[in-house]
Amino acid sequence: MLKKGDKIALVAPSGWFLKSDLENALDWFKKQGLEPKIMPHAYDVEFYAAGTPQNRAKDINNAFKDKSIKAIFCIRGGAGSLKVLDFLDFDMIKKNPKPVFGLSDSTALQNALYTITKNISYTGFLPIYDFKEKNLDQKTEKSLIEIFKNKKQEIKEFEVLKQGNAEGVLVGGCLSVFNMLCGTKYFPKLKNKILLIEDVGEKTYRIDLMLDQLKKQKDFNKVKAIIFGSFHNCKIADIGDGTVDEIIKNFARTLDIPVVYNFPYGHIKSRFVLPIGKKIKLKTKSSITF
């Protein structure tokens, strides 16, 4: 997918950041033999976001349009990628597909790109988030480089809540951001999909309600499997709300499909990078492969 000398675009569809925050990631990209290009509006600031939705979308459109750019990396999460969607040139993007890497708030952008254009993205890596302690986690780095090299990945690190085998296109990411797409043209069709779900800093009762909202979406009963990642720092607000474990296990009991839990993905230091919009295989007695 990516080889030495390839140019990559760095865009900021979500929160703003400081130039110094990006230095370690830029050094790492260069060590991989890649040529990072920071798009013109990446350093903009408007409220909590990296500039206006129009300018953030402009950078993304131009990154897709530029045939010398082989992949696009979202610089950080935060909030705001939902607001760029109405300003994207999906017809042009469909003619110029390329992988988009991100995590967290990038969920809105990545799933919308798949829904409208079938563009494949990769969730599980953000330059600023992953290099805030200077060094990239070994598991994340290995998973990322294997994607660069188009290598098959086989992952066996998960707990099983519901046994079974499944094959389907992976969609999802951060639950609260994914659910923001509900009721819009950007929400993916759920039939024959495998759902990937994680979140951070949410109260447990809200996770329960968001899962119920997801369950009410069209064709949820045709989902092939669910992969629950990390729910870091998701705390009980009031006595009786239930823990994250209790909420998720109670939800899984209502399903007749394979469900795995504590998969190494989400707002945790050490995680795998996974393909949004690509078919994966899940065998609860062995592994997840793609």
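L18 is partly exposed, with 47% of relative accessible area. L18 sits in the loop between β1 (7-11) and α1, and together with W16 and V45 it makes up a nonpolar patch on the surface. The model described here is predicted. The points below cover its surface patches, its aromatic pairs, its salt bridges and some single residues.

**Surface patches**

- The nonpolar patch of W16, L18 and V45 has about 280 Å² of accessible area together.
- L18 falls between the limits for buried and exposed residues, because its relative accessible area is 47% and partly exposed covers the range between under 20% and over 50%.
- A patch of positive charge also lies on the surface, where K94, K118, K189 and K218 gather.
- One of these lysines, K94, belongs to helix α3, which covers residues 90-95.
- K94 counts as exposed because its relative accessibility is 54%, and the cut-off for exposed is over 50%.

**Aromatic pairs and the aromatic cluster**

- The structure contains 20 aromatic pairs.
- In the pair of W28 and F125, the ring centres are 6.1 Å apart and the planes stand at 45°, so this pair is tilted.
- This pair links distant parts of the chain: W28 is in helix α1 (residues 23-31) and F125 is in the loop between β5 (121-123) and α5 (127-130), with the two positions 97 residues apart.
- W28 and F125 are both buried.
- F101 and F148 form an edge-to-face aromatic pair, with 5.8 Å from centre to centre and 80° between the planes.
- The pair of F101 and F148 also links distant parts of the chain, as F101 is in strand β4 (residues 100-102), F148 is in helix α6 (residues 138-148), and the two are 47 residues apart.
- F101 and F148 are both buried.
- One aromatic cluster takes in W28, F29, F73, F101, Y122, F125, F131 and F148.
- Both pairs described above therefore have their members in this one cluster, since W28, F125, F101 and F148 are among its residues.

**Salt bridges**

- A search of the whole structure finds nine salt bridges, including the three that follow.
- D6 and K3 form a salt bridge in which the closest N and O atoms are 3.5 Å apart.
- D6 is buried, at a relative accessible area of 7%, whereas K3 is exposed, at 55%.
- R206 and E202 meet through their side chains in a salt bridge of 2.7 Å, N to O.
- R206 is partly exposed, with a relative accessible area of 36%, while E202 counts as buried at 14% relative accessibility.
- K216 and D212 form a salt bridge with 2.3 Å between the closest N and O atoms.
- K216 counts as exposed at 61% relative accessibility, and D212 counts as partly exposed at 34%.

**A buried glycine**

- G229 is placed in strand β10, which covers residues 225-232.
- G229 counts as buried because its relative accessibility is 1%, and buried means under 20%.
- The C-alpha atoms of G229 and R271 are separated by 9.3 Å, while the two residues are 42 residues apart along the chain.

**Positive phi outside glycine**

- F47 is not a glycine, yet has a positive phi of about 55°.
- F47 is located in the loop between β2 (35-38) and α2 (53-65).
- F47 is exposed, since its relative accessible area is 74% and the cut-off for exposed is over 50%.
- N262, also not a glycine, has a positive phi of about 55°.
- N262 is located in the loop between β11 (259-261) and β12 (274-276).
- N262 is partly exposed, with a relative accessible area of 36%.

Note on methods. Residues numbered from 1 in each chain as written. Predicted model: local features only at pLDDT ≥ 70, side-chain atom pairs only at ≥ 80, totals over all residues. Heavy atoms only, no water. Patch = residues over 30% accessible without salt bridge, like charges linked within 9 Å, V, L, I, M, F, W, Y side chains within 5 Å. Areas by Shrake-Rupley, 256 points an atom, 1.4 Å probe, with all protein chains shown as cover. Salt bridge = Lys/Arg side-chain N within 4 Å of Asp/Glu carboxyl O. Lys, Arg positive; Asp, Glu negative; His and termini not counted. Charge placed at Lys NZ, Arg CZ, Asp CG, Glu CD. Helix = DSSP H or I, 4+ residues; strand = E, 2+ residues; numbered from the N terminus. Buried < 20%, exposed > 50% of the residue type's maximum accessible area, 1.4 Å probe, protein only. Phe/Tyr/Trp six-rings, centres within 6.5 Å; stacked < 30°, edge-to-face > 60°.
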